[in-house]
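User: I would like to go through some of the terms used for this protein and see what each one rests on. Please set the values against the definitions.

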Amino acid sequence: MCGIIGYVGKKAVSPILLEGLRRLEYRGYDSAGVAVLDGDELLVRKKKGKISEGLARLLKSQPVAGNLGIGHTRWATHGPPSDINSHPHLDQSGRIAVVHNGVIENYDALRQKLLATGHKFKSGTDTEVLAHLIGDYYEKRRTPGSAGVPPADSRAELPTRQRDAGAPSSNPLTQAVCDALREVIGTYGIAVICADQPDTIVGARRGSPLIIGIGTGENFLASDANAIVAHTKKVVYLNDYDVATVTSARFDVLNLGTDTANVQVSKLEFSQEDAVRGKYEHFMLKEIFEQPRTVENALRGRVDNEGATAKFGGLNLTSAELRSIDRIVIAASGTSWHAALVGEYLIEELAQIPVEVEFAHEFCYRNAPLEKSTVLLVVSQSGETADTLAALREAKRRGHRALAIVNVVGSTIARESDGGIYMHAGPEIGVASTKAFVSTLTILALLAVHLGRLRNLSARRALEILHALEAVPKQLESILAQNNAFKKIAKKYAKADDFFFLSRGYTFPIALEGALKLKEISYIHAEGYSAAEMKHGPIALIDPKTPTVFLVPQDSMYDKTMANLAMIRARKGPIIALATEGDKQIGKVANDVIYLPKALEPINPILAAVPLQLFAYHIAVTRGCDVDKPRNLAKSVTVE
């Protein structure tokens, strides 16, 4: 949530910041702004609204020049979207600028403290309070022995891991940031510049991602690799409590909480081309159409036909340890939670291991009993989801193994888990998750086979599942070829105010996901239910103006689901059915039918997800909604 970009080097900074912010706009688009150092003058330009309508126009009319700057695109937390509340924010002197992702929980107490010493604030944000706090300490640092800051030689040097010789803690801006952050309660990813420091950006993180991009004669700070992939492939993922001092020639990292800072240079797995729309009107549509390759990537190197199993290189558990698992808790949020529900069906059927699916944010705060042989599995596309990361840390605190399924290599969850599986889905820019969802479903099916083969799953059944998974990419291509038909059906129902999505068994979680997709991008009220639950209350809402999307593949629940469908039809509710090719009965009772290729029951969720994604997409486009930037939403939820 929110995006940060910073640059220091020899190039003109304004185009780099603007390009980076455009690439980050999916993380926040209430407002955007930049702060650029022009000589010894700090210039700030910021504007409410989307970048193309606000900041880009402002920079044309009021250009800024320089070789060092920071930028931000905002998703509002404290204070409504406005020009004043936009980032960057300045300190009391106007010489220090700060951009910030996260939430400063004790900002009001800090604000009152600063007000008492004569500070005046212009905005209602927690970030401006942080800027003033850093500025206050900076002024004290410039005057050794000032009240509130002991002389430098009386303070223990902060632990540091450096790229070159020198002591980053001797930089007064770095020292001021460290001093301020010791008073902060909450989460932050920040970038700070000062008019007195013409070649320095200071960054820090706790609970909100921040990376250093390494160039030649230039360096970057960013909250997301998408912002800098056009300029460098070499990055350092900062850890919680890391404070980085970045210049054009070097970077230094110290850590506020440990004896040493763990600095590791990584290489980005994706290219600049992966993060552009290409021929597609929206990123969401591009990512939907990438899903055949997404499944191939999730399967690549993981199918062992000879051993009739799946194989993973990163679980970091022996076969004996995997056999000893008596229970799995899967913690996730949003779309990942729906994927986890499918995982529950898969693992319980194929591996006979009890599975419980928890909302990550509930798991953190419930004192749920976990037996010694319980393993936590977390799912997060970004690997930075705040609630999911908190669940992982809680499980580890209690002495349990914590595994992860993530898409972003080097993300915090990837680094802090005991083991896990990468999706290898490539960058997902659209706010509404599509290809990461399908990738997760594929990986969960492989994991269920892997665990099942360590127990009682027969080789014959395992091979059936594996061969069915290998057939999915071509089946998805056949589904995508029907895009125009889906578009036609979507336009027919685009004016509806309410939808139901119903199913049973393996595709029940896909009904939940289909409703979520429609809500996210079209702003239509939609509810997902088990079809059997309709008669327990929700059926009271059925009328001729309320369409129902029924997922009714020819599986073990087919007859039961068809009986539930008849209840809706009897009350004159319009029915859109997702059915299996060759089903002759469904056409007699549904108003519109979308056909899915024949597949094994555990594979149906993957196939059923894609038509519902396209259905939601075309309805949203028909209604004139901004598909890639739906209102009030951000791609990665890094605040509680």
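User: What makes β23 and β25 a strand pair?

Analyst: This is a predicted model. In it, strand β23 (residues 498-503) and strand β25 (residues 548-552) are joined by three bridges in the parallel sense. Pairing requires at least two bridges, so β23 and β25 count as paired. Within this pair, Leu502 has Phe550 of β25 as its bridge partner.

User: Which sheet do β23 and β25 belong to, and why are β24 and β27 called its edges?

Analyst: The sheet is open and has five strands in the order β24-β23-β25-β26-β27, with parallel pairing. β24 (525-530) and β27 (592-596) each have a single partner strand, so each has one side without a neighbour in the sheet. From one strand to the next, the twist averages 15 degrees.

User: Which helices lie across this sheet, and at what angles do they run?

Analyst: Helix α16 (residues 508-522) lies across β23, β24 and β25, and runs at about 175 degrees to β24. Helix α17 (residues 558-570) lies across β23, β25 and β26 (575-580), at about 165 degrees to β25. An angle over 145 degrees counts as roughly antiparallel, so α16 is roughly antiparallel to β24. By that cut-off α17 is therefore roughly antiparallel to β25.

User: How do you know that β21 and β22 are paired, and where do they sit?

Analyst: Strand β21 (residues 402-406) and β22 share four bridges in the parallel sense. The requirement is at least two, so β21 and β22 are a pair. Ala404 stands opposite Gly420 in β22. These strands belong to an open sheet of five strands in the order β19-β18-β20-β21-β22, with parallel pairing. At its edges stand β19 (355-359) and β22 (419-422); each has a single partner strand, so one side of each lacks a neighbour in the sheet. Direction ignored, neighbouring strands of this sheet are turned by 20 degrees against each other on average. Helix α11 (residues 386-397) packs on the sheet and touches β18 (327-332), β20 and β21, its direction making about 165 degrees with that of β20.

User: Why are α13 and α18 called roughly antiparallel?

Analyst: Two packed helices are described by the angle between their axes and the distance between the axes. For α13 and helix α18 (residues 604-622), the angle is about 175 degrees and the axes are 10 Å apart. The cut-off for roughly antiparallel is over 145 degrees, so α13 and α18 fall in that class.

User: Which residues meet where α13 packs with α18, and of what class are they?

Analyst: From α13 come Phe437, Val438, Leu441 and Thr442, which meet Pro605, Ile606, Ala609, Val610 and Gln613 in α18. By class, this contact has seven nonpolar, two polar and no charged residues.

User: How many cavities are there, and what makes the lining of the largest nonpolar?

Analyst: Searching the whole structure gives three cavities of 30 Å³ or more. The largest has a volume of about 70 Å³. Its lining consists of Leu315, Leu322, Ile325, Ile328, Val375, Leu377, Leu403, Leu447 and Leu451. Leu, Ile and Val count as nonpolar, so the lining divides into nine nonpolar, no polar and no charged residues. β20 (374-380) and α13 (435-453) each supply at least two residues of this lining.

User: What lines the second largest cavity, and how do its residues divide by class?

Analyst: The second largest cavity has a volume of about 60 Å³. Eleven residues line it, with Thr77, His87, His100, Gly102 and Thr127 nearest its centre. By class, the lining has two nonpolar, seven polar and two charged residues.

User: What is the omega of the peptide bond from His87 to Pro88, and what is that bond called?

Analyst: Omega is near 5 degrees, and the bond from His87 to Pro88 is cis. Pro88 lies in the loop between β4 (68-74) and β5 (89-90).

User: What is noted about the phi of Ala308, and where is that residue?

Analyst: Phi of Ala308 is near 50 degrees, a positive value in a residue other than glycine. Ala308 is in the loop between β16 (303-304) and β17 (309-310).

Terms used. Residues are numbered from 1 along each chain as its sequence is written. This is a predicted model: local features need pLDDT of at least 70, side-chain atom pairs count only at pLDDT 80 or more; totals for chains, interfaces and linings use all residues. Side-chain values use heavy atoms; hydrogens and water are left out. Axes are lines fitted to C-alpha atoms, for helices over the stretch in contact, and angles run from 0 to 180 degrees between N-to-C directions. Contact means heavy atoms within 4.5 Å. On a 1 Å grid over the protein atoms alone, a cavity is a set of points where a 1.4 Å probe fits but cannot get out, and a pocket is an open set with protein on both sides within 12 Å along at least five of seven lines; lining residues have an atom within 4 Å of a point. Grid points are joined across faces, edges and corners, and a volume is the space filled by probe spheres set on the points. Angles under 35 degrees count as roughly parallel, over 145 as roughly antiparallel, 65 to 115 as roughly perpendicular and the rest as oblique.
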